[in-house]
Amino acid sequence: MGWKTLDDMDLNGKRVLVRVDINVPVVDGVVTDSTRIRRIAPTVRDILSAGGRPILLAHFGRPGGERRENLSLNKLVPTLERAFETRVLFAADCVGTAAELAAESLQPGEVLLLENTRFHAAETKNDPELAAGMARLGDVFCNDAFSAAHRAHSSTEAIARLLPSCAGRLMQAELEALESALGAPKRPVTAVVGGAKVSTKLELLSNLIEKVDYLVIGGGMANTFLVAQGHHVGKSLAERIMKDTAAEILAKADSTGCKVILPTDIVVAEKFESHAPHLVLPADQCPENGLILDAGPDSVDVITGIFAQSQTVIWNGPLGAFELEPFDAATNAAALKAAALTRAGKLISVAGGGDTVAALNASGAAEDFTYISTAGGAFLEWMEGKTLPGVAALNGSRD
């Protein structure tokens, strides 16, 4: 672990620039889900407790380098004040004279929110001059936005090279969870990968079969692997042109000793809709007009049995069409088993990705998982084995 935490920094009397992810949903000027804001509250409170003065850097939406009032961060101030239980001031820019004056005049116990970093086109170009302008506002840089760590932007990467830098509490928890899941995991390790397309997760699958003991493949992408095995999948979602690639992945898994788990039975309907009439069939018996919408009960038994033998599970993607009842059954049953094993202290379970989080929340399993990442792209790139610029910059930051 080359990066530092808040505990490694002297924050007393220091202005602490904190990169956060508060890209929350807003309807008619009102925040409708404050989860991301609540998750950064421990970092802000710890900085305040240590005598530091937090100054928040954040983006909101995709303004494309233009100042757009509907994407201003000022509307978040009331929600931030409730979450932090203290006064939050707002500066109408993230660099420049007004921002510098606001930062200099910030009093102990107060928090300063800077305007949307992406109002500057240079932000997404990792511009060193913009980063230098931000760095002038603080004495220490704290990155608490793992969800933006896969992007080399001025407020995530370049700035970390200009100031003494550390990870915030949310970033720290995320990195520690990921290290426990793939970096130095307790074995056996099982990865669950679902979703629609093999083509979007080729790098992920290639990386995982070198690192895990079992790879459970579900969702639409499992159909592509069934095609690679010579099975008909009817009208099911499948990337038939990727069947050779899928076959290569299976062959590579054999050579690395990773056991790939595909559905042995399937839930088939003729229509993609809730409560459509359906049948449970062997995986090699999908009718011509059939849609495979979930893994069957025998497949679930196999998956949950593997979970019981495992010490670590990492999960990205549902096993079926979890948005439609009853085709959420396999995902729910497997998730609840992983949750029960985790609750009993027998399993480390880490999950991430938008559909995954939604599926685990819907099943009621989420609260018992060891860690659930709210990061989408960053979580996926980490699973792919890629270096995340925002994390790498913390490792090489100025002491």
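A residue counts as buried when under 20% of its relative accessible area is left, as exposed when over 50% is, and as partly exposed in between (1.4 Å probe, protein chains only). By that rule, 56% of the 399 residues of this protein chain are buried.

The model is predicted, so local features need pLDDT of at least 70 and side-chain atom pairs count only at pLDDT 80 or more, while totals for chains, interfaces and linings use all residues. Residues are numbered from 1 along each chain as its sequence is written, and side-chain values use heavy atoms, with hydrogens and water left out.

Now the whole chain. It holds 13 helices and 17 strands; these are DSSP runs numbered from the N terminus, with helices (H or I) of at least four residues and strands (E) of at least two. The C-alpha atoms fill a box of roughly 70 × 45 × 40 Å along the principal axes.

Let's zoom in on one sheet. It is open, with three strands in the order E13-E12-E14 and antiparallel pairing; strands pair if DSSP finds at least two bridges between them. E13 and E14 are at the edges with a single partner strand each, so one side of each has no neighbour in the sheet.

| Strand | Residues |
|---|---|
| E13 | 278-282 |
| E12 | 265-269 |
| E14 | 291-295 |

E12 and E14 pair over four bridges, and Val267 stands opposite Asp294 in E14. Helix H9 (residues 297-309) lies across E12, E13 and E14, at about 140° to E12. Such angles run from 0 to 180 degrees between N-to-C directions, with axes fitted to C-alpha atoms, for helices over the stretch in contact (heavy atoms within 4.5 Å).
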